[in-house]
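User: Could you take a close look at one chain of this model, how its parts are laid out and how it meets its partner? I would value a connected account rather than a list.

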Amino acid sequence: MVKKMSSAKIVTPELYDKEGYPVDGGLMDIRMGVIDPGLRCKTCGARLKECIGHFGYIELARPVMHIKFTPVIITILKSSCKDCGRILIPDNKISKIREQLDQVEKEMGIEERRKKIKEVVSLMKTAAKCPHCKAKQGKITLQKPTTLIEDEKRISPIEIRARLEKVTDEDAQLFGINAPHVRPEWMIITVLAIPPVTMRPSITLETGERSEDDLTHKIGDIVRINQRLFENINAGAPEIIVEDLWDLLQYHITTYFDNDVAQLPPARHRSGQPLKTLTERIKSKEGRIRHNLAGKRTNFSARTVISPDPMLELNEVGVPLIVAMKLTVPERVNEWNMAYLKKFIEKGPEEYPGANYIIRPDGKKKKITSETKEASLEELQPGYTVERHLMDGDVAVFNRQPSLHRMSMMCHRVKVLPGRTLRLNPAVCTPYNADFDGDEMNLHIPQTEESRAEAEILMEVQTQVVSPRYGLSIIGCIQDAISGNYLLTKYFSYARQEAIDLLMAVGITDFGKLPRKQTVSGKEIFSVLLPEDFNFKGTSRTADESGSNDVLIENGKLVKGFMDKNSLGEEEGLMLRNIHQQYGKDFALDILGKMFRLGIEVLFRSGFTAALADTDLPEPAQLRVRETLDNAQREVENFIQSYQQGTMESYPGKTLAETLELRILEVLNKARNETGDIVAKHAKKNSHTMIMAASGSRGNLLNLAQMAACVGQQALRGRRIDKGYENRTLSCYRENDLNSDARGFVRNGFKSGLTPQEFFFQAMTGRDSLMDTALRTPKSGYLYRRLANALQDIKVEYGNTVRDASKKIVQFQYGEDGIDVSRSENGRINVKRIIDSIR
Amino acid sequence: METIAKEYADKLPKKLIDEINEHLPKGASQAKIRKVFEAVQKEYESAKISPGECVGLIAAESIGEPGTQMTLNTFHFAGVAEMNVTVGLPRIIEILDGRKELKNSMMEIYLKKPYSEGKNLKELALQIKETTLSHIATEFTINIADLTIEVGLDKQKMKDLGITPAMVIASITKQVKGFNVKEKDGGISVKTKSKDESLNEAYKAKERLKDIHVKGILGIRQVLPLKRGDEYLIITAGSNLGDVLQLEQVDAHRTTTSDIYEIQNVLGIEAARQAIINEVAKVIDSQGLNVDIRHIMLVADGMTVSGEMRGITRYGVVSEKSSVLARASFETPIKHLINAALTGEVDRLTSVVENVMINQPVPIGTGLPGLVSKQKK
């Protein structure tokens, strides 16, 4: 078999002759393909890169074991007769056992099948005597890694091979070997295949020296030992020398397959670094399968730092000019676009928008330069392809790693901009999980009509607005856009002129909906964006003056309430979800962009900032905060006292110490919450920090309270900080001090500043949460990889059944009702809304 | 109403029809009801999943992506030291691995009527809790002279638990063979029947005696009666669903355990599937995340289609794949390739990775439909 597919027999370990030309019969024989430019392959006549290579072979002087098959070999030897080669199971039981084995294999895989066969044979009590020819059986053990011992005598691979040959095809099938197509004796190597040179190219160093591939080195060793073995056998050398060489050959062939066998020292380079042989090439993340076969590299892509630009549409991406002049889009020349495409060639690669290459119909690529420009123009005719620069409106796939869900790769429209960063609308940060603290993102330009169409139809931002995870909008207004709309719809009103200016800036030109009066309210301005027949009932996060939380939109007018995160934000953004459902994805994306810009424009006009003064509390409030904390601390002290005096009553089912901890925690948390309430009550209501908290755009009241009043108890694993040596948390406290301050209660606020001890406790919890994140990421990453691998080929078939790749039915109807989550509202069909809409 | 509902019975899922029923205003006209049904059906049709949708991957994304946001901590249940609850990411991993040994297994035992109102709650809890000899013993001593093991018993504890020395003796004789057990001034003495006994043997026997199960249900390490809403129930550390369900005071319909493997053994594979869904959904909810139930269902179905629970590991679901290359691309590629060589496996290139490997469109989504055309002669 090996001989048949081979094109060269390898006889010498030498590589090149004196002239540096590959030796015939050497490892770099040009019959196995070529890796040097200029040479032609002797087998197929093709040149470098055209010839994919051909196998060679070595005739081994003595057969050796293949380590990867040794477990199977032992199983077979142990469970078949040494004389007649039949399996050690009586004929009458074979069919029954075959059924059992098939069952085992189906349930647990082929490895289990082999284990089971061993078990069966040992249970048969026939292990000592063959039921077919009554021959006595020896006891076979494996001396790792490749030596087999039978009754303290070694069995040579020749002997093993002879025994394997005797195994009948039917018996082999019992072992899970597909005989006669695969024969057990093939697991002993007599002829070794030599992979083509193209698989192990040598590198020419700068000094002109050649450096061979690891595999070539290894095969060189094998050939050398093999030759020596041949010579020794022919010369009639003593058995011991032959045996030694044989073992050496076995070692080399073993490490050639796998250089990481448990009992063997790995074969090394002269530098001491282990060789990378066949197994190492295939396995693990950096191996052939996961690195090169399941993972691909791509051209026509760009990567740089990202920055925000709210003036872009949500489905646009700002591409720097220098990038746009490197990335190209191929356009096929035909009669009608010839003049159009010629213009690009005229401009050449230096001027924008120009073209970088033309491709002739025969596939030859020609670079356009200022010299070849004229010739290219001449040459151009239908059938050619022009690779022109990236222009506004081209499709591009935008991506940020880690690509955890499908919204991590969306299709955007190119907008060529000056500058050196890729720009995106901040509203699409959520699906990408991006921020602008130095994040980089990738841009890919699809190169065929088919891929462009698929990108546009399946991947464009508007098609991804609703998350398939929970069926709600994942893209929404964030941060300033929420604050702005909140202010606009709750407090502001503008002179009509100003309002028009505002709306113009947002991109609205039809002001028919704006009431004709001197001053228009923010609600009215906001309503201009809404479609005429839009009705919506929702709730806001906070109540208005009248104490109601309702948000009411009737016939496209915001009648009551105001906009905040509940209506506009991602995930919760219920109003957005409704608009999307009723008016479609393109409209929803458009209106979202407008709302976003409206919010920002409002803030442009009024100014918005967080000030230190926002955290100021009036004197009496400060006093009350102090009092609350003092009281709490006093209470804690009382608890400790009663604990030490033993007068404390324990909670049912808990020890006294546990009870104390619980009560202390309770008191301190209550105190912190009280300070929070005080802050909420006394801090300036319309400070920008408060507005951010109220609208839900950023931060919450707790954050404010932590700044203004009290940071609160620091907890490690749900308890107060108690880890420490010598029974104390820090050396400035007495031993066994249970007081609040000694166990990580931070009574200061961030503004007043923390004491050194408090700072340290805070740092402790900070470190703990950092550790948590660092430990979690790889764990969840592995879980994700496993899930994805297990489920990747489960799809909905025609006829709505859910099946895997082998057409096995997993579900009769997807999710029991066939509803696509990304087309539902939070996984459901909103019956109530439908009923309400029908009057 | 009913007639229209019947008409739509095979066009809409039952859940939706029920929902329409619930939300329809009383006394709505026939015409309106019909209109509602029409509108709902239209929306349902448009919300239906398209063939070719790679729902598996979407499910994996939907569970994998929020995984990065979950906590790693296990927390102590209401301060009882032995009762830990695995929550967050580790729990999800535990469920999806299909582990047989859980880190912290747990049961929620609901009770039938008079007991759920608090009747005999304490006694019941103690009846469920596993009591071993070491729980009620004050001391274990070995009398070196005649090699007997003497066990002192805690009278008070035994009285609380309702155990008599006779019961202890009975359970010892039942669980270990070859010993003479006698009651001896407040304690019991155990002597082996075999003649040649060494001190070493006696010591081993002593250790074995400690774990003698005297009362309660095997495996229930700790119990905690609890009031939830206006109902009492018992939370336990350790789990033994089969035996707990045998108790007559227990409401077998609602009692659950966190040990899904046990559910499979006691209640069958469908119950296990539902348990996976419930448990995963519980964790995700408790983390304040929103993942649609359909994704969890698909994962649970994927784990249980074979009729036996399989973890999402290289030994479980992945090893069931029909394609060698798909298996090899996950973990232990060499093993799969070697076995494929022996068995002469054929890869039909029906799943995703193989097609990625050979640079060919994958048979999913837009890659699914093929074009059939008549050839002109």
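Analyst:
**Chain B and its partner**

In this predicted model, the C-alpha centres of domain 1 of chain B and domain 3 of chain B are 70 Å apart. These two belong to a division of chain B into domain 1 (2-47), domain 2 (54-105 + 258-320), domain 3 (131-215) and domain 4 (324-367), in which domain 2 is written as two stretches, 54-105 and 258-320.

The overall dimensions of the chain can be set beside that separation. Along the principal axes, the C-alpha atoms of chain B fill a box of roughly 105 × 70 × 35 Å, and the radius of gyration of chain B is 29 Å, where a compact globule of 377 residues would have one near 21 Å. Within this chain there are 18 helices and twelve strands, and 37% of its 377 residues count as buried. When the contacts in chain B between residues at least 6 apart in sequence are considered, 58% of them join residues at least 24 apart.

Chain B also meets chain A, where 84 residues of chain B are in contact with 74 residues of chain A. On the side of chain A that touches chain B, the elements giving two or more residues include helix H9 (278-282), helix H10 (288-293), helix H23 (656-682) and helix H27 (831-837) of chain A, together with strand E28 (795-796) and strand E30 (809-811) of chain A. Helix H26 (756-791) of chain A is also among these elements, and H26(A) supplies the largest share of that side, 14 residues. By residue type, the side of chain A that touches chain B divides into 34 nonpolar, 19 polar and 21 charged residues.

The partner has a domain layout of its own, for which the assignment gives domain 1 (66-187), domain 2 (213-297), domain 3 (301-464), domain 4 (480-605) and domain 5 (612-769) of chain A. Between domain 4 of chain A and domain 5 of chain A, the C-alpha centres lie 40 Å apart, and the contact between them takes ten residues from domain 4 of chain A and six residues from domain 5 of chain A. On the domain 4 side of this contact, helix H16 (residues 480-490) of chain A gives the largest share, five residues, while the residues of that side divide into three nonpolar, three polar and four charged.

Notes
Residues numbered from 1 in each chain as written. Chains lettered and ligands numbered in written order. Predicted model: local features only at pLDDT ≥ 70, side-chain atom pairs only at ≥ 80, totals over all residues. Helix = DSSP H or I, 4+ residues; strand = E, 2+ residues; numbered from the N terminus. Rg over C-alpha atoms; globule rule 2.2 N^0.38 Å. Buried ≥ 20, exposed ≤ 12 C-beta atoms within 10 Å, placed from the backbone. Contact = placed C-beta atoms within 7 Å. Domains from an automatic or database assignment. Nonpolar A, V, L, I, M, F, W, Y, C, P; charged D, E, K, R; others polar.
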